[in-house]
Amino acid sequence: MPFANIKIPQAALTRAQKAEIVHNLTALFVHYFGEAARPHAMVLIEEVPDGGYGRADEVFVVPDAYRARDTVTPASG
């Protein structure tokens, strides 16, 4: 089973962007392994909370200006 594990900063991508990543990576697997791989392709997108990773010896926090803004609003009950 082809498997991809993508780690991204929490709130960095919208739901639509994550869906696009899943679609494109699945298509890439199919390109290399054939159509039989599609039903078995697994793409896991893990969101890492702010402060849960670092770069260049500094703990990383996503600036508000770079946070994704999903346009889907929760249904009111």
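This section describes the overall form of the protein chain, its aromatic pairs and the surroundings of one strand residue. The model is a predicted one, and the values reported for the chain and its residues are computed from that model.

The secondary structure of the protein chain consists of one helix and four strands, and these elements follow one another along the sequence in the pattern β-α-β-β-β. The radius of gyration of the protein chain is 16 Å, whereas a compact globule of 77 residues would have a value near 11 Å. Along its principal axes, the C-alpha trace spans about 45 × 40 × 20 Å. Of the 77 residues, 18% count as buried, and the accessible surface of the chain amounts to about 5900 Å², with 58% of that surface belonging to carbon and sulfur atoms. When contacts between residues at least 6 apart in sequence are considered, 65% of them join residues that are at least 24 apart. With regard to charge, the chain carries 7 positive and 9 negative side chains, and the centres of these two sets lie 4 Å apart.

A search of the whole structure for aromatic pairs returned two. One of them is formed by Phe-29 and Phe-33, whose rings lie 6.4 Å apart from centre to centre with 35° between their planes, an arrangement that counts as tilted. Both residues belong to helix H1, which covers residues 15-33, and because they are four residues apart in this helix, Phe-29 and Phe-33 are separated by about one helical turn. The two partners differ in their exposure, since Phe-29 has a relative accessible area of 12% and is therefore buried, whereas Phe-33, with a relative accessible area of 58%, is exposed.

The other aromatic pair joins Tyr-53 and Phe-60, and this pair is likewise tilted, with 5.5 Å between the ring centres and 45° between the planes. Tyr-53 counts as partly exposed, because its relative accessibility is 22%, and Phe-60, at 24% relative accessibility, also counts as partly exposed.

Tyr-53 also takes part in the contacts of Val-59, a residue found in strand E4, which comprises residues 58-59. When residues up to four places away in sequence are not counted, Val-59 touches Gly-51, Tyr-53 and Gly-54. Despite these contacts, Val-59 counts as exposed, because its relative accessibility is 60% and the cut-off for an exposed residue is over 50%.

Conventions:
Residues are numbered from 1 along each chain as its sequence is written. This is a predicted model: local features need pLDDT of at least 70, side-chain atom pairs count only at pLDDT 80 or more; totals for chains, interfaces and linings use all residues. Side-chain values use heavy atoms; hydrogens and water are left out. Rings of Phe, Tyr and Trp (its six-membered ring) pair if their centres lie within 6.5 Å; planes under 30 degrees apart count as stacked, over 60 as edge-to-face and the rest as tilted. Helices (H or I, at least four residues) and strands (E, at least two) are DSSP runs, numbered from the N terminus. Buried means under 20% relative accessible area, exposed over 50%, partly exposed in between (1.4 Å probe, protein chains only). Contact means heavy atoms within 4.5 Å. The radius of gyration is taken over C-alpha atoms; the globule rule is 2.2 Å times the number of residues to the power 0.38. Accessible areas come from the Shrake-Rupley method with a 1.4 Å probe; for residues, only the protein chains shown count as cover. Lys and Arg count as positive and Asp and Glu as negative; His and the chain ends are not counted. The place of a charge is taken as NZ of Lys, CZ of Arg, CG of Asp or CD of Glu.
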